[in-house]
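Ready for some practice in reading a protein structure? Take a moment to look at the sequence and the model, then work through the exercises below, trying each task before you read its solution.

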Amino acid sequence: GCPRPDPSTTMRSFLSSQARAVSRSSPALAAPSRAFGQDSASVGLAAAAVAAAAIAGQQRQEEQAQCSPVAFIAAAAVSGGAAYYAKTTIDAETKLRDEAEAGKKAAEEKTALFEKYWPRKIMIIFGPPGAGKGTQAPKIESMLGIPQLSTGDMLRAAVSAKTPVGLQAKELMAAGKLVGDDVVCGIIKERIQNDDCKSGFILDGFPRTLPQSKALDAMLAENGEGVTKVVALEVPDSILEERITGRWIHKKSGRSYHVKFAPPKSMQLVDGKPDPASMLDDETGEPLMQRPDDTAAALVQRLKSYHSSTTPILKHYSPKGIVSGINANQKPSQVWSDLLSML
């Protein structure tokens with residue numbers, strides 16, 4: 001009555017025989033085996049081994065007293081091997097299932113974001129000097145996973161890469177001529193073909209005039225697209241002087257600091273004013289700088305130019321229902337909250 005397996009029988013053939021026996025009595029146990037492949041150490045095989053071991057468990061206990069030591073050791077070896085083999089296989093299946101569920105969850109999150117913000121988000125962000133574009137635009141960029149495109153950066157990149165439009169722009173600049181709207185639109189058209197713009201992009205610094213807005217619309221219409229959102233950060237002119245004159249920037253990254261509202265960690269005051277030598281970027285330790293036109297005198301002209309050029313653009317897009325004014329004369333956290341509601 002004791003189990004006496006043939007010593008020449010391999011572990012795999014033993015488990016296979018148990019799998020066939022169990023699958024005949026319970027076809028459901030064989031399904032995982034077919035799903036994972038008949039020639040692999042499958043889940044069905046493991047399940048069959050565990051089931052076979054469980055079914056025979058009580059019988060072995062009853063027979064142990066009657067078994068010879070050799071037969072008992074052989075049976076124990078087979079049973080232990082089956083259990084170990086089954087556990088290893090089930091652990092592998094659990095790992096695969098967990099990885100599949102994690103991948104599914106990530107895909108669902110991307111799909112939800114895609115559906116929420118589809119079609120391709122093409123945004124223009126406006127704001128007078130000191131309104132907080134440098135603070136809020138990167139947050140939109142990070143949240144939506146779309147790049148903020150500066151015309152200056154795109155122009156320099158196109159020239160450096162020697163693209164056809166970049167070479168055209170370089171030739172114009174070398175001759176001391178202004179880069180025309182058609183060339184700028186061409187540079188934007190090249191840039192937005194990159195993979196990082198698949199879900200959209202934010203334009204910063206373009207368009208600056210009504211003709212540029214119309215040129216941009218015509219370029220986007222070639223692919224059946226158009227501007228989907230225009231954001232205008234609004235701050236009273238009287239508030240901007242303090243913001244502008246206290247602003248320091250890290251030129252390479254564009255990170256912005258303010259001596260009163262967001263000073264760098266390294267800032268030290270001398271006679272109540274920041275020591276220029278102590279104004280260093282928090283992340284790199286590199287020196288910060290102030291723009292030459294970040295002065296009270298220059299601000300007056302800059303604001304006049306901003307209002308005269310931006311107002312017609314906002315009026316151009318308003319009939320489409322895509323213009324949103326955001327009160328930027330409040331705490332940055334509240335400005336961001338309002339932006340999220342708008343998006």
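## Exercise 1: One side of a helix

In α5, the residues Q136, A137, I140 and L144 are buried; here buried means under 20% relative accessible area, exposed means over 50%, and partly exposed lies in between (1.4 Å probe, protein chains only). Helices (H or I, at least four residues) and strands (E, at least two) are DSSP runs, numbered from the N terminus.

Before going on, note that this is a predicted model, in which local features need pLDDT of at least 70, side-chain atom pairs count only at pLDDT 80 or more, and totals for chains, interfaces and linings use all residues. Residues are numbered from 1 along each chain as its sequence is written, and side-chain values use heavy atoms, with hydrogens and water left out.

**Task.** Where around the axis of α5 do its buried residues lie, and what span should this helix have?

**Solution.**
- Step 1: Start from the buried residues of α5, which are Q136, A137, I140 and L144. They cover an arc of only 100 degrees around the axis, so they are on the same side of α5. The arc is that of the directions from the helix axis to the C-beta atoms.
- Step 2: Recall a general rule: an α-helix has 3.6 residues a turn, so residues three or four places apart point the same way.
- Step 3: Now the span. The expected value is 1.5 Å times one less than the number of residues. For the 12 residues of α5 (residues 133-144) this gives 16 Å, and the end C-alpha atoms are 16 Å apart, which agrees.
- Step 4: See what comes next along the chain: α5 is followed by G145, whose phi is positive, near 70 degrees.

## Exercise 2: A second helix with a buried side

**Task.** Which residues of helix α12 (residues 332-342) are buried, and what covers them?

**Solution.**
- Step 1: V335, W336, L339 and M342 are the buried residues of α12. Their arc around the axis is only 115 degrees, which puts them on the same side of α12.
- Step 2: Turn to the face pointing away from that buried side, and you find the exposed residues S333 and S341.
- Step 3: The cover over the buried residues of α12 includes α5, β4 (229-234) and β9 (323-327). Contact means heavy atoms within 4.5 Å.

## Exercise 3: Helices that cross

**Task.** How are α8 and α9 arranged, and how are α10 and α11 arranged?

**Solution.**
- Step 1: Two packed helices are described by the angle between their axes and the distance between the axes. Axes are lines fitted to C-alpha atoms, for helices over the stretch in contact, and angles run from 0 to 180 degrees between N-to-C directions.
- Step 2: Helix α8 (residues 181-191) packs with helix α9 (residues 210-221) at an angle of about 40 degrees, and their axes are 10 Å apart. α8 and α9 are therefore oblique to each other; angles under 35 degrees count as roughly parallel, over 145 as roughly antiparallel, 65 to 115 as roughly perpendicular and the rest as oblique.
- Step 3: In this pair, D181, C185, I188 and K189 of α8 meet P211, Q212, A215, L216 and M219 of α9.
- Step 4: For helix α10 (residues 237-245) and α11, the axes come within 10 Å and cross at roughly 130 degrees. α10 and α11 are therefore oblique to each other.
- Step 5: The residues of α10 that meet A296, L299, L303 and H307 in α11 are D237, L240, E241, I244 and T245.

## Exercise 4: Following one histidine

**Task.** Where is H316 found, and which residues is H316 in contact with, leaving aside its neighbours within four places in sequence?

**Solution.**
- Step 1: H316 belongs to helix α11 (residues 296-317). With a relative accessible area of 23%, H316 is partly exposed.
- Step 2: Apart from neighbours within four places in sequence, H316 is in contact with L210, S213, K214 and D217.
- Step 3: H316 and S213 are 103 residues apart along the chain, and their C-alpha atoms are separated by 8.2 Å.

## Exercise 5: Unusual backbone angles

**Task.** What is the phi of K162, and which peptide bond ending at P207 has omega near 0 degrees?

**Solution.**
- Step 1: K162 is not a glycine, yet its phi is positive, about 60 degrees. K162 sits in the loop between α6 (151-161) and α7 (164-174) and, at 59% relative accessibility, counts as exposed.
- Step 2: The bond from F206 to P207 is cis, with omega near 0 degrees. P207 lies in the loop between β3 (200-204) and α9.
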